[in-house]
Amino acid sequence: MKKFFAILLAVLMTASLSVVGMAEGIQPRGGGDSMTTLHVLYQPVTDRYYMDGEYPRLVTYAVSDPIETEENSVEGMVEWSAPKAEFEVSGEELVKEGVKVFVQVGGDTAFMYVGDAKIVSITSENGLVNFRKTTDHWGSECYILKSAQTLTEAGVLEDTIIMKTPKAMYKEKNNVADKNDGPFTYKFPFAITVTGDIPTGGGSTGGGSSDDHDTPPATENAANDDKTLDKLAAGESAEVKLTSGSAALATDTMDTLGSHGGKLTVTVDKMTVAIPGGFGKVNEPGRIYYPLDFSDSLATAADLAAAVKGEKAKTEVVKAGGDMVMPTTVTVTLKTKLTGTVNVYYYNDTTRRYTLLASPAAKDGKITFATKQMGTMVLTTGTI
């Protein structure tokens with residue numbers, strides 16, 4: 001066994017070293033360290049092996065590596081995209097087990113220890129899949145990927161895994177100027193061809209980075225049940241309290257609200273969102289729900305707050321729903337410890353720009369403002 005692992009390690013190290021010379025004349029982003037690039041491997045949840053000569057090899061569905069070109073290797077880059085990974089899984093396997101996603105650092109598919117390449121966040125672009133973090137494997141960050149909603153038939157599931165690494169890794173590992181604030185974004189598009197029969201009653205185990213296999217889907221909540229839909233269809237108002245992790249509005253719910261004149265008020269932790277009806281049918285290709293999760297403990301809060309000007313300014317950073325534009329203007333109420341006039345800025349983590357949404361006055365420990373834009377918000381008594 002020791003001999004086997006010694007040979008395996010030698011092969012993997014050779015593979016990783018070969019990557020550096022693959023794009024001769026093109027310097028990797030920030031200075032040539034192949035250990036700064038994330039890689040994504042898709043494998044079965046239950047490890048499967050096949051014989052390849054004398055030694056067994058682990059089954060791998062697909063490997064995604066960021067594309068290394070002159071354009072995306074220049075100083076100041078803050079985002080990389082990988083080629084689309086395409087592979088097949090049976091409907092039964094995807095529903096019951098899902099697909100294991102390894103996030104790795106280093107050349108080729110070598111199992112290099114992630115070390116300081118800590119993942120700040122992982123999400124999906126179109127909301128078609130969910131991720132559940134599981135135990136590490138060979139030092140790699142590991143997640144289980146499943147459909148965000150119950151699968152009913154075979155087909156192709158296309159989405160993009162979006163990962164963000166900390167500011168420290170981006171700056172230190174890539175030797176770039178301080179002006180290039182992190183986190184760095186990696187995008188891994190994929191297309192899973194789901195084949196065979198779908199188990200009856202099968203579906204997602206839900207989203208979020210939780211080890212709880214029984215977490216409900218994001219849309220399994222009171223906002224989308226028959227009682228609420230009946231009220232909205234009758235043009236009446238409905239109020240619900242949801243919990244982050246399962247606080248999404250289904251497109252059917254939004255369509256029902258948009259087609260009638262009622263109002264849906266959703267409270268999630270320290271946030272309340274009031275959505276008036278009558279705005280028409282929702283028509284966003286690829287969107288399957290509107291996330292309304294709330295958080296006031298973001299890992300990047302200190303970095304975002306650093307942009308505030310004002311010697312005595314006080315600041316709070318929150319995640320108010322998904323990074324999305326609502327189909328109509330909504331009224332958002334947030335609990336806050338700030339007093340006086342509070343400037344509310346939306347932070348776009350792609351452009352790294354702040355946009356002033358409103359400047360409400362705090363009253364009774366709350367601020368209320370109208371907006372279409374949801375996402376990361378900086379609340380401050382100063383300015384940006």
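Start by selecting T336: leaving aside residues up to four places away in sequence, T336 touches E316, G365, K366 and I367, where a contact means heavy atoms within 4.5 Å. You'll find T336 in the loop between strand 19 and strand 20 (343-348). Helices here are DSSP runs of H or I with at least four residues, strands are E runs of at least two, and both are numbered from the N terminus. T336 has 10% relative accessibility, so it counts as buried; buried means under 20% relative accessible area, exposed means over 50%, and partly exposed is in between, using a 1.4 Å probe and protein chains only. Now put a C-alpha to C-alpha distance on T336 and G365: the two are 29 residues apart in sequence and 5.4 Å apart in space.

Before moving on, some housekeeping. This is a predicted model, in which local features need pLDDT of at least 70 and side-chain atom pairs count only at pLDDT 80 or more, while totals for chains, interfaces and linings use all residues. Residues are numbered from 1 along each chain as its sequence is written, and side-chain values use heavy atoms, with hydrogens and water left out.

**Zoom out**

Show the whole protein as a cartoon: there are six helices and 22 strands. Of its 384 residues, 46% count as buried. Among contacts between residues at least 6 apart in sequence, 72% join residues at least 24 apart.

**Strand 1 and the hairpin after it**

Select residues 38-44, which are strand 1. Seven of the seven residues of strand 1 are buried, so this strand is largely enclosed by the rest of the structure. Add residues 62-64, strand 4: three bridges join it to strand 1, and the two run antiparallel. (Two strands pair if DSSP finds at least two bridges between them.) Look for L41, which stands opposite V63 in strand 4.

Next, pick residues 49-52 and 55-58. These are strand 2 and strand 3, paired in the antiparallel sense over four bridges. Y50 stands opposite R57 in strand 3. The two strands form a hairpin with two residues between them, and G53 in the turn has a positive phi of about 75 degrees.

**A stop at T123**

Jump to T123 in strand 8 (residues 121-124). T123 counts as partly exposed because its relative accessibility is 41%. Its contacts, not counting residues up to four places away in sequence, are F131, T160, I161 and I162. Try another C-alpha distance, this time to K187: 64 residues along the chain, 9.9 Å in space.

**Helix 4 against helix 5**

Select residues 226-233 (helix 4) and 251-258 (helix 5); their axes come within 8 Å and cross at roughly 25 degrees. That makes helix 4 roughly parallel to helix 5. The axes are lines fitted to C-alpha atoms, for helices over the stretch in contact, with angles running from 0 to 180 degrees between N-to-C directions. Under 35 degrees counts as roughly parallel, over 145 as roughly antiparallel, 65 to 115 as roughly perpendicular, and the rest as oblique.

Turn on side chains where the helices meet: L229, L232 and A233 in helix 4 contact T253, T256 and L257 in helix 5. By class, that contact has four nonpolar, two polar and no charged residues.

Stay on helix 5. Six of its eight residues are buried, so helix 5 is largely enclosed by the rest of the structure. The buried ones are T253, M254, D255, T256, L257 and G258. Their cover includes helix 4, strand 14 (248-250), strand 15 (263-268), strand 16 (271-276), strand 17 (289-291) and strand 19 (315-335).

**Strand 15 and its partners**

Color strand 13 (residues 237-242) and strand 15: they pair in the parallel sense over six bridges. V240 stands opposite V266 in strand 15. Strand 15 also pairs with strand 16, in the antiparallel sense over six bridges, and here T265 stands opposite A274. Strand 15 and strand 16 form a hairpin with two residues between them, where D269 in the turn has a positive phi of about 55 degrees.

**Two more positive phi values**

Most residues other than glycine have a negative phi. Select R352, whose phi is positive, near 60 degrees. R352 lies in the loop between strand 20 and strand 21 (353-358) and, at 29% relative accessibility, counts as partly exposed.

Finish at D364, in the loop between strand 21 and strand 22 (366-380). Its phi is also positive, about 55 degrees, although D364 is not a glycine. At 71% relative accessibility, D364 counts as exposed.

How values were computed:
Ala, Val, Leu, Ile, Met, Phe, Trp, Tyr, Cys and Pro count as nonpolar, Asp, Glu, Lys and Arg as charged, and the others, Gly among them, as polar.
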